[in-house]
Amino acid sequence: MQLYGVSQSPFVRKVRIVLEEKGLPYELASPVPGQHPLGKMPVLGDGGLLIPDSSVICAYLEKKHPRPALYPEAPADLARALFLEEYADTQMAEGMGAIVLERVVKPHMLGQPTDEARLAGLVEAARTRWAGQPASAAGQPVPAVLDYLESQLPPDRGSALERFGIADVALGAHFGWLPFTGLELDAARWPRTARYREALQARPSFKTTE
Ligand SMILES: N[C@@H](CCC(=O)N[C@@H](CS)C(=O)NCC(=O)O)C(=O)O
């Protein structure tokens, strides 16, 4: 299989983590213009097939290579896992993506200068949007994404549901951009989330795809 995309993309990393967890060999290839109907990455090449979109690719891989299972069997658990995947792919990605573009992609990959004013505005906007409210009484913005995750994650295991699966793949992949944003995951404030992130980072599939 060929995975078309760059390793810095959390959506590409989602697929790489699934491939690693399932022990499937693949090669990472440069994106090919026109391959993805929306001009995005990743795209998976498998035989004559070209499959776009990380969520679609992960579901395809599960169907084709069912073991180890990364999607829960029980309908309610499946729904919860898919919602967490969707939450990660939208709420985590949107808040961080534009910041990473200005701070990392433009200066280090495109050879363009960072627009510092835009970056400052984006950081503030992300904080405000994540907060869902402007600021707490103490004047500190509340990152609501982390608050939400804290309310959803268990205190004592490295998976959102009973077994490691697609929700953890997606949440963990999107945590990868956090260090580039300047937004902190304060372990005193979000202990479950911080512990969960550490547990994910210790998995071989996460280490290999860092
Ligand atoms: N829903 C898509 C999102 C993929 C996505 O947004 N990829 C970014 C890279 S991190 C991209 O290709 N952006 C280019 C663009 O939007 O033009 C998926 O899960 O694959």
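Two strands count as paired when DSSP finds at least two bridges between them. With that in hand, the sheet of this predicted model can be read strand by strand.

The sheet is open and has 4 strands. Their order is β2-β1-β3-β4, and the pairing is mixed. Start with β1, which covers residues 2–4. On one side β1 pairs with β2 in the parallel sense, over 3 bridges. There, Tyr4 stands opposite Ala29 of β2. β1 also runs antiparallel to β3, and 3 bridges join the two. Within that pairing, Gln2 has Gly45 in β3 as its bridge partner.

Now move on to β3. This strand runs antiparallel to β4, with 4 bridges between them. Gly45 appears again here, since its bridge partner in β4 is Leu50. The hairpin of β3 and β4 has 2 residues between the strands. Gly47 in this hairpin takes a positive phi near 60°.

What stands at the edges of the sheet? They are β2 (27–29) and β4 (49–52). Each has a single partner strand, so one side of each is left without a neighbour in the sheet. From one strand to the next, the twist averages 25°.

Side chains in a regular strand alternate between the two faces of the sheet. Strand β3, residues 43–46, can be followed in this way. Val43 and Gly45 point one way, while Leu44 and Asp46 point the other way. All of these residues are buried.

Next comes the interior. In soluble globular proteins, nonpolar side chains tend to be buried together. The largest nonpolar core of this model holds 51 residues. Which of them touch the most other members? They are Leu61, Met92, Leu149 and Phe175. Several helices give two or more residues to this core: α1, α2, α3, α4 (116–131), α5 (144–152), α6 (166–175) and α8 (191–201). α3 gives the most, with 9 residues.

From the filled interior, turn to the empty space. Rolling a probe the size of a water molecule over the atoms shows where such space is left. The largest pocket contains about 710 Å³. Its lining is made of 27 residues, and Ser9, Pro10, Phe11, Met41 and Trp177 are the closest to its centre. Three elements give two or more residues to this lining: α1 (10–21), α2 (54–64) and α3 (75–110). Here too α3 gives the most, with 12 residues. By class, the lining has 15 nonpolar, 7 polar and 5 charged residues.

The second largest pocket has a volume of about 410 Å³. It is lined by 16 residues. Nearest its centre lie Ala69, Tyr71, Pro72, Glu73 and Arg163. In this pocket α2 gives the most to the lining, with 3 residues. The lining divides into 8 nonpolar, 1 polar and 7 charged residues.

A few points in the loops deserve a stop. Most residues other than glycine have a negative phi, and most peptide bonds are trans. Where does the chain take a cis peptide bond? One cis bond runs from Met41 to Pro42, with omega near 10°. Pro42 is in the loop between β2 and β3. Met41 has been met before, among the residues closest to the centre of the largest pocket. Another cis bond runs from Arg67 to Pro68, with omega near -10°. Pro68 is in the loop between α2 and α3.

Asp53 is a residue other than glycine with a positive phi, near 85°. Its place is the loop between β4 and α2. Is Asp53 buried, partly exposed or exposed? Its relative accessible area is 35%, so Asp53 is partly exposed; buried would require under 20%, and exposed over 50%.

The last stop is Gly165, in the loop between α5 and α6. Gly165 has a relative accessible area of 6%, so this residue is buried. Gly165 also brings together distant parts of the sequence for the reader to compare: Gly165 and Leu82 are 83 residues apart in sequence. In space, their C-alpha atoms are 10.0 Å apart.

Terms used. Residues are numbered from 1 along each chain as its sequence is written. This is a predicted model: local features need pLDDT of at least 70, side-chain atom pairs count only at pLDDT 80 or more; totals for chains, interfaces and linings use all residues. Side-chain values use heavy atoms; hydrogens and water are left out. On a 1 Å grid over the protein atoms alone, a cavity is a set of points where a 1.4 Å probe fits but cannot get out, and a pocket is an open set with protein on both sides within 12 Å along at least five of seven lines; lining residues have an atom within 4 Å of a point. Grid points are joined across faces, edges and corners, and a volume is the space filled by probe spheres set on the points. Ala, Val, Leu, Ile, Met, Phe, Trp, Tyr, Cys and Pro count as nonpolar, Asp, Glu, Lys and Arg as charged, and the others, Gly among them, as polar. A nonpolar core is a set of buried Ala, Val, Leu, Ile, Met, Phe, Trp, Tyr and Cys residues joined through side-chain atoms within 4.5 Å. Buried means under 20% relative accessible area, exposed over 50%, partly exposed in between (1.4 Å probe, protein chains only). Axes are lines fitted to C-alpha atoms, for helices over the stretch in contact, and angles run from 0 to 180 degrees between N-to-C directions.
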